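Dear colleague,

Please find below the structure that I am handing over to you. My notes on what was found in it follow directly after it.

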Amino acid sequence: MKSQTFTITAESGVHARPATLLVNKAGQFQSDVNINYKGKNVNLKSIMGVMSLGIPKGGEIEISTEGNDEDEALEALAGVVKEHLGE
């Protein structure tokens, strides 16, 4: 299992467009992919789950991957976060 923590710096937080980008990217991998915000853990392959978290600017999230392609999945998702949501 691999995980990485990120701080959301995008003004509008994790809204529909970047959430969709994350879900679509997560869906490209076989590994289980989860996102954790304030102790609530949801499947990152579920747009409804991600949107239910209501992650604002300044929110700290943890993305975890577990499976055959966990390294590649985490690296790809980190790229999406850095490009569209923050650091």
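In these notes, a residue is called exposed when its relative accessible area is over 50%, buried when that area is under 20%, and partly exposed in between. By this rule Glu11, at 66% relative accessibility, counts as exposed. Please bear in mind that this is a predicted model.

**Salt bridges**

The structure holds two salt bridges. One of them joins Lys57 to Glu11, with 2.7 Å between the closest N and O atoms. Lys57 lies in the loop between α2 and β4, and Glu11 in the loop between β1 and α1, so this pair ties together parts that are 46 residues apart in sequence. While Glu11 is exposed, Lys57 is partly exposed, because its relative accessibility of 44% falls between the two cut-offs.

A salt bridge is also formed between Lys2 and Asp71, whose closest N and O atoms are 3.6 Å apart. Here the partners come from strand β1 (residues 2-7), which holds Lys2, and helix α3 (residues 70-84), which holds Asp71; the pair therefore ties together parts that are 69 residues apart in sequence. Lys2 is partly exposed, with a relative accessible area of 35%, and Asp71 is likewise partly exposed, at 44% relative accessibility.

**A buried aspartate**

Asp69 is placed in the loop between β4 and α3. Is this residue buried or exposed? Asp69 counts as buried, because its relative accessibility of 15% is under the 20% cut-off. Which residues does Asp69 contact, once its neighbours within four places in sequence are left aside? They are Phe29, Gln30 and Ser31. For Gln30, the C-alpha atom is separated from that of Asp69 by 6.6 Å, although the two residues are 39 residues apart along the chain.

**A nonpolar surface patch**

On the surface, a nonpolar patch is formed by Ile47, Met48 and Met51. Together these residues have about 280 Å² of accessible area. Met51 belongs to helix α2, which covers residues 47-52. With a relative accessible area of 34%, Met51 is partly exposed; this value meets the requirement for a patch residue, because such residues need over 30% relative accessible area.

With kind regards

Technical notes. Residues numbered from 1 in each chain as written. Predicted model: local features only at pLDDT ≥ 70, side-chain atom pairs only at ≥ 80, totals over all residues. Heavy atoms only, no water. Patch = residues over 30% accessible without salt bridge, like charges linked within 9 Å, V, L, I, M, F, W, Y side chains within 5 Å. Areas by Shrake-Rupley, 256 points an atom, 1.4 Å probe, with all protein chains shown as cover. Salt bridge = Lys/Arg side-chain N within 4 Å of Asp/Glu carboxyl O. Helix = DSSP H or I, 4+ residues; strand = E, 2+ residues; numbered from the N terminus. Buried < 20%, exposed > 50% of the residue type's maximum accessible area, 1.4 Å probe, protein only. Contact = heavy atoms within 4.5 Å.
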